[in-house]
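Here's a walk through a single-chain model, written for someone who likes to know the cut-offs behind each word. Have the viewer open while you read.

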Amino acid sequence: MAAPFPIDFPKYDLKFRTEKGQREIFDFIRKTFVALTPEEMVRQHLLHYLVLERGYAKGLLAVEMGLTLNQLSKRCDIVAYQNEGKPTMIVECKAPTVKLAQNIFDQAARYNQVLMVPYLLISNGIECYCAKIDFTLGTFTFENEIPSYHQLLSTTHE
């Protein structure tokens, strides 16, 4: 895999609470509090980054979107959609302690067998890999940053 690019999240106004002894964070996409895990913290930072810094519409992001792969139920951490409702990017989040390796990219690629999106993004909150898929050539190239929503809209896929 190519070298990852670092991600330096701005300070976001994340909301936390403790409910029945469990720490929770507010998911502003699903509009509910969810268990605060290291992976969830990465997901919430990425969601804020996509919306506030890269221009993604909140209404066009799905969190923990279910899909069926080889008769097994799976969930994508985040799926970004184009205005027409066509999925365009899969985001797989891992805890900061998880080293981003080929197996994690392969996980996102397996989900892409179902969704056929032109972008795959994996992140542990410290570093990211983003690949643009060329379905015509059957290849991919690593990007140097997370694409803006405008860039996603200009990407076509079959």
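What follows goes from the overall fold to the core, and then to a few individual residues.

**Ground rules**

This is a predicted model, so local features need pLDDT of at least 70 and side-chain atom pairs count only at pLDDT 80 or more, while totals for chains, interfaces and linings use all residues. Residues are numbered from 1 along each chain as its sequence is written, and side-chain values use heavy atoms, with hydrogens and water left out.

**Overall fold**

The protein chain has three helices and ten strands; helices (H or I, at least four residues) and strands (E, at least two) are DSSP runs, numbered from the N terminus. Going along the sequence, the order is β-β-β-β-α-β-β-β-α-β-β-β-α. The radius of gyration is 15 Å, close to the 15 Å that the globule rule gives for 158 residues, so the chain is as compact as a globular protein of that length. Here the radius is taken over C-alpha atoms, and the rule is 2.2 Å times the number of residues to the power 0.38. Along its principal axes, the C-alpha trace spans about 50 × 35 × 30 Å.

Of the 158 residues, 48% are buried. Buried means under 20% relative accessible area, exposed over 50%, and partly exposed in between (1.4 Å probe, protein chains only). The accessible surface comes to about 8,400 Å², and 50% of that belongs to carbon and sulfur atoms; these areas come from the Shrake-Rupley method with a 1.4 Å probe, and for residues only the protein chains shown count as cover. Among contacts with a separation of 6 or more, 50% are between residues 24 or more positions apart, where contact means heavy atoms within 4.5 Å.

**The nonpolar core**

How many residues does the largest nonpolar core have? There are 50 in that core, and those with the most contacts inside it are Leu46, Tyr56, Leu61, Met89, Leu115, Leu121 and Ile146. A nonpolar core is a set of buried Ala, Val, Leu, Ile, Met, Phe, Trp, Tyr and Cys residues joined through side-chain atoms within 4.5 Å. Elements giving two or more residues to this core include helix H1 (38-53), strand S7 (87-93), helix H2 (102-115) and helix H3 (149-153). H1 supplies the largest share, six residues.

Met89 is a good one to click on. Setting aside residues up to four places away in sequence, Met89 touches Leu50, Tyr56, Ile78, Val79, Ala80, Val117, Tyr119, Leu121, Pro147 and Leu152.

**Helix H1 and its polar partners**

With 16 residues at 1.5 Å a residue, H1 should span 22 Å, and its end C-alpha atoms are indeed 22 Å apart. The expected span is 1.5 Å times one less than the number of residues. Buried residues in H1 include Glu40, Arg43, Leu46, Leu47 and Leu50. Just after H1, Gly55 takes a positive phi of about 80°.

Arg43 lies in H1 and is buried, at 3% relative accessible area. Its side chain makes a polar contact of 3.1 Å with that of Glu64. A polar contact is a pair of N or O atoms within 3.5 Å; within protein, one must be able to donate a hydrogen and the other to accept it, and residues adjacent in sequence count only if both atoms are side-chain atoms. Beyond four places in sequence, Arg43 is also in contact with residues including Arg30, Asp77 and Cys93.

Glu92, in strand S7, is another buried charged-type side chain to inspect, with a relative accessible area of 3%. Its side chain and that of Lys94 are joined by a polar contact of 3.4 Å. Contacts of Glu92 farther than four places along the sequence include Asp77, Tyr111 and Leu121.

**Phi and burial, residue by residue**

Most residues other than glycine have a negative phi. Two residues here take a positive value without being glycine: Lys20, near 55°, and Glu64, about 50°. Lys20 lies in the loop between strand S2 (16-19) and strand S3 (22-27), whereas Glu64 is found in strand S5.

Ala62 also sits in S5. Ala62 and Arg30 are 32 residues apart in sequence, yet 8.2 Å apart in space, C-alpha to C-alpha. Leaving out residues up to four places away, Ala62 touches Asp77, Ile78, Val79 and Tyr81.

| Residue | Relative accessible area | Class |
|---|---|---|
| Lys20 | 83% | exposed |
| Glu64 | 28% | partly exposed |
| Ala62 | 18% | buried |
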